[in-house]
Amino acid sequence: MESDLFFSRRRAERFAQLLDEANGGRRHHVRSRVDSGLTDLVAVGRALRDSAPPVEANADFRTGLRAMLMATAEREGIGQPTPAATADRTARRPAANRSFVLPAVTARRARARGAILIGIAAGAVAVSGISAASENAVPGDALYGMKRSTERAQLALSGSDHSRGQLFLGFARTRLGEAAELHGDRAGYGSVLDDMDADTRHGVRLLTATAAHHADPTALDVVNTFVTAQRTAVEALLEAGNRADRDRTRGSLALLDDVHRRSDALRAAIDCGLPVPVGSDALGPTPASCPATG
């Protein structure tokens, strides 16, 4: 296991050197027996760098990417020698030479590991350009898979149920825009509305749970604002399409009505001081009714 780890680390460092050379960095006057197996990877890395779309990554993406890279560097020890490796090298070097040799070795490894991070960042920025280009994709387009993968990445980087709930409702609005482009495609239209309703349920469930847990209706304000705007836009879909499409659209409108009723019931329960509901369903906590006042 230890020898496998050593080989993997050496292979990664050699890949970083080759990628650095391919991108115009200084040449390393060494050749390794793993070079032939890394040729294709270096070509892919260079192609990603050369073909990056001219799209400016937004501030949120840059912040998330930096956090991801810093976490990766800290977790993997990139840029710092491991204690075991340092101790082993120190033990094998004469005392008189230790202070002169170790800094050079450490610096060389730091540059190699830094190149790995640069390669990761370059690839991520290239992917971010493709991601931006996929924003207007609809089901059936070549970039639609990238669009959905970007959404999953946003969820993974989200730090709270409240923010994840907002993201899901944003995705539901995105699905609505896609549905407007798919009128006449019965299978595609219905599938996108299914995804829209699923995103709506996910988002509402997270936000109503947050409101109930904290006894704070702020998250419900987000739900109600979403329902008001979304309902107007979904109703507009009734003006086009065939009968089957209109019937399917009414199903999404019914879901929005259910969401509005749940939000109002939960708000009332919070206002009258009821405890956190025990039961829940697809829309989150199911509150009891406030006791009647006489």
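Okay, so when I say helix or strand today, I mean a DSSP run: H or I over at least four residues for a helix, E over at least two for a strand, numbered from the N terminus. On that basis the chain has ten helices and two strands. And before anything else, please keep in mind that this is a predicted model.

Let's do the overview. Walking along the sequence, you go α-α-α-α-α-α-α-α-α-α-β-β, with the two strands coming after the ten helices. There are 294 residues in the chain, and 33% of them count as buried. The accessible surface is about 17200 Å², with 56% of that belonging to carbon and sulfur atoms. As for contacts, take the ones between residues at least 6 apart in sequence: 61% of those join residues at least 24 apart.

Right, let's go to helix α6, residues 144–157. It has 14 residues, and from first C-alpha to last it reaches 20 Å, close to the 20 Å you'd expect at 1.5 Å a residue. Which residues of α6 are buried? They are Y144, K147, E151 and L155. Now look down the axis: those buried residues sit within an arc of 85°, so they line one face of the helix. If you want the background for that spacing, an α-helix has 3.6 residues a turn, so residues three or four places apart point the same way. Swing round to the other side of α6 and you find R152, A156 and L157 exposed.

So what do the buried residues of α6 pack against? That would be α7, which is where I'd like to go next.

Helix α7 covers residues 161–180, and F168 and F171 both lie in it, three residues apart, or about one turn of the helix. The aromatic pair count for this model is one, and F168 with F171 is that pair: edge-to-face, 6.1 Å centre to centre, with 80° between the planes. Why edge-to-face? Because planes over 60 degrees apart get that label, and here the angle is 80°. Are these two phenylalanines buried or exposed? F168 is at 15% relative accessibility, so it counts as buried. F171 is at 6%, so F171 counts as buried too.

Moving along to the stretch around α8 and α9. There's a loop between α8 (186–214) and α9 (218–236), and A215 is in it. I'd flag A215 for its backbone: phi is near 50°, which is positive, and this is not a glycine. For context, most residues other than glycine have a negative phi. A215 has 54% relative accessibility, so it counts as exposed.

Just after that loop is α9 itself. Its 19 residues should span 27 Å at 1.5 Å a residue, and the end C-alpha atoms are 28 Å apart, which agrees. The buried list in α9 reads A219, L220, V223, N224, F226, V227, Q230 and V234.

On to α10, where D257 has its place. D257 has a relative accessible area of 25%, so it's partly exposed. If you click on D257 and T228, you'll get 9.8 Å between the C-alpha atoms, with 29 residues separating them along the chain.

There's a similar sort of pairing to look at towards the front of the chain, with T39 in helix α2, residues 35–50. T39 and F15 are 24 residues apart in sequence, and 8.8 Å apart in space, C-alpha to C-alpha. T39 is at 48% relative accessibility, so it counts as partly exposed.

Last stop, the disulfide. How many does the structure hold? One. C272 and C290 form it, with their sulfur atoms 2.0 Å apart. Where do the two cysteines sit? C272 is in the loop between α10 (243–271) and β1 (280–281), while C290 is in the segment after β2 (284–285), so the pair links distant parts of the chain, 18 residues apart. The torsion about the S-S bond is about -80°, so this disulfide is left-handed. On accessibility, C272 comes in at 37%, so C272 counts as partly exposed. C290 is at 30%, so C290 counts as partly exposed as well.

That's my tour, so let's pull up the model and have a look together.

Conventions: Residues numbered from 1 in each chain as written. Predicted model: local features only at pLDDT ≥ 70, side-chain atom pairs only at ≥ 80, totals over all residues. Heavy atoms only, no water. Phe/Tyr/Trp six-rings, centres within 6.5 Å; stacked < 30°, edge-to-face > 60°. Buried < 20%, exposed > 50% of the residue type's maximum accessible area, 1.4 Å probe, protein only. Expected span 1.5 Å × (residues − 1). Arc of directions from axis to C-beta. Contact = heavy atoms within 4.5 Å. Areas by Shrake-Rupley, 256 points an atom, 1.4 Å probe, with all protein chains shown as cover. Disulfide = S-S within 2.5 Å.
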